[in-house]
Structure formats: structure tokens, C-alpha cells
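The following paragraphs lead through the architecture of a single protein model, strand by strand and then outward to its helices and its pocket. Please keep the sequence and the coordinates at hand while reading.

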Amino acid sequence: MAETREETLRRFFQQYAKATREGDTEIIATSYAPTYIETSPDTFVAWKVDEQYRKALVERHTMLQQQLGLQALDVEIVSAEEVAPLHYMVRARWKMAFAKARAGNVTSLFDITYMVKIASKPQILAYISHESEEAVMRRDGVI
């Protein structure tokens with residue numbers, strides 16, 4: 001039996017979360033379109049996925065692991081809606097657990113809405129973070 005689009009998206013985001021936990025920059029980078037948009041209440045960036053981007057992924061992974069003690073990273077697909085042929089709006093809830101947070105062991109939740117195209121494989125075209133990741137981490141005592 002063929003996998004449903006929802007199952008494809010769930011598997012894609014679970015693989016993406018695992019790659020983020022493990023610092024697999026190649027899987028993370030290829031999860032995105034060659035250029036994608038990232039926005040939050042206080043940022044807007046168009047990223048080009050290149051060697052400089054991959055180096056930034058390594059730096060981010062090091063910071064999450066060594067400085068903040070990332071222990072767990074899980075994703076739950078809250079909703080997935082087809083908005084055009086092969087294009088989906090996916091709302092995901094991320095749960096990150098930190099051991100070296102300023103406030104001790106801390107878990108932070110982030111909601112992000114993604115625009116994903118499923119052609120030969122899913123790719124993130126853009127995402128909107130519902131809150132500033134930095135603001136959430138400050139509020140929760142992570143940083």
C-alpha cells in the first residue's frame with residue numbers, strides 16, 4: 001500500500017529532527033530548497049543552501065550540544081493541508097530538552113509552519129516561526 005502524503009510528511013519531519021539531533025548537515029541541508037525563506041516575529045531571511053550554510057549548521061549543532069546540552073529533539077505534525085498541487089502547509093510543534101540550560105533541565109516548545117513541496121522528495125520552501133526561538137529560550141531559562 002502506498003504511503004499517504006501525511007505519512008510522507010511525518011516521516012520527512014522525523015528524519016529531519018533526527019538529523020538535527022545528530023548534526024547530519026547533509027540531510028538537514030537537502031531538506032530545504034536551494035534557496036528558502038525563514039521568518040519569525042523579529043527576523044526575515046532568505047537562505048542560500050551552500051557550503052557557508054552547511055558550516056553554520058555545524059556551528060549551531062555544536063552550540064546546541066556543547067553549550068546548551070540538547071538532550072532530546074522531537075517533532076509532532078499538528079496539521080498538514082494541501083494548498084496547491086504538491087504544496088503543503090505543515091504546522092509542526094518542536095520539543096527541545098536541554099540539560100545545561102541556565103535554569104537547569106528545561107524543555108522548550110516551538111510551533112513552526114512550513115511550506116513544503118513534495119515532488120520526487122519533500123523539500124522545505126519556507127517556514128514561519130510562530131515565536132522568536134531566542135525569546136522562547138530566554139523565557140524558558142535556556143539562555
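In this predicted model, strands β3 and β4 form a hairpin with 2 residues between them. Leucine 86, which lies in the turn, has a positive phi of about 70°. The two strands of this hairpin run antiparallel and are joined over 12 bridges; across the pairing, aspartate 74 stands opposite lysine 95 in β4.

A second hairpin follows, formed by β4 and β5, again with 2 residues between the strands. Here 13 bridges join the antiparallel pair, and alanine 101 stands opposite glycine 104 in β5. In general, strands of a sheet pair through backbone hydrogen bonds, in either a parallel or an antiparallel sense.

The parallel sense is also present in this model: strand β1 (residues 32-40) pairs with strand β6 (residues 122-129) in that way, over 4 bridges. Within this part of the sheet, isoleucine 37 stands opposite alanine 126 in β6.

How are the strands ordered in the sheet as a whole? The sheet is open, has 6 strands with mixed pairing, and follows the order β2-β1-β6-β5-β4-β3. Strands β2 (43-48) and β3 (70-84) stand at the edges; each has a single partner strand, so one side of each is left without a neighbour in the sheet. On average, neighbouring strands of this sheet are turned by 20° against each other, direction ignored.

Two helices may now be placed against this sheet. Helix α1 (residues 5-22) packs on the sheet and touches β1, β3, β4 (87-101), β5 (104-118) and β6. The direction of α1 makes about 150° with that of β3. Helix α3 likewise packs on the sheet, with contacts to β1, β2, β3 and β4, and the direction of α3 makes about 45° with that of β4.

Individual residues give a more local view. Threonine 20 lies in helix α1. Is threonine 20 buried or exposed? Its relative accessible area is 18%, and because the cut-off for burial is under 20%, threonine 20 counts as buried. Leaving aside residues up to four places away in sequence, threonine 20 touches Ile28, His61 and Leu73.

Methionine 96 offers a second example, this time from strand β4. With a relative accessibility of 4%, methionine 96 counts as buried. Beyond residues up to four places away in sequence, methionine 96 touches Leu64, Leu70, Ala72, Leu73, Val106, Thr107, Ser108 and Phe110. Leucine 64 is 32 residues apart from methionine 96 along the chain, and the C-alpha atoms of the two are separated by 10.0 Å.

The last topic is the open space in the model. The largest pocket holds about 800 Å³ of space. It is lined by 33 residues, of which Tyr16, Glu38, Arg60, Tyr127 and Glu133 are the closest to its centre. Which element supplies the largest share of the lining of the largest pocket? That share, 7 residues, comes from helix α3 (residues 51-67), the helix that also packs on the sheet. By class, the lining of the largest pocket comprises 17 nonpolar, 9 polar and 7 charged residues.

Methods
Residues are numbered from 1 along each chain as its sequence is written. This is a predicted model: local features need pLDDT of at least 70, side-chain atom pairs count only at pLDDT 80 or more; totals for chains, interfaces and linings use all residues. Side-chain values use heavy atoms; hydrogens and water are left out. On a 1 Å grid over the protein atoms alone, a cavity is a set of points where a 1.4 Å probe fits but cannot get out, and a pocket is an open set with protein on both sides within 12 Å along at least five of seven lines; lining residues have an atom within 4 Å of a point. Grid points are joined across faces, edges and corners, and a volume is the space filled by probe spheres set on the points. Ala, Val, Leu, Ile, Met, Phe, Trp, Tyr, Cys and Pro count as nonpolar, Asp, Glu, Lys and Arg as charged, and the others, Gly among them, as polar. Two strands pair if DSSP finds at least two bridges between them. Axes are lines fitted to C-alpha atoms, for helices over the stretch in contact, and angles run from 0 to 180 degrees between N-to-C directions. Contact means heavy atoms within 4.5 Å. Buried means under 20% relative accessible area, exposed over 50%, partly exposed in between (1.4 Å probe, protein chains only).
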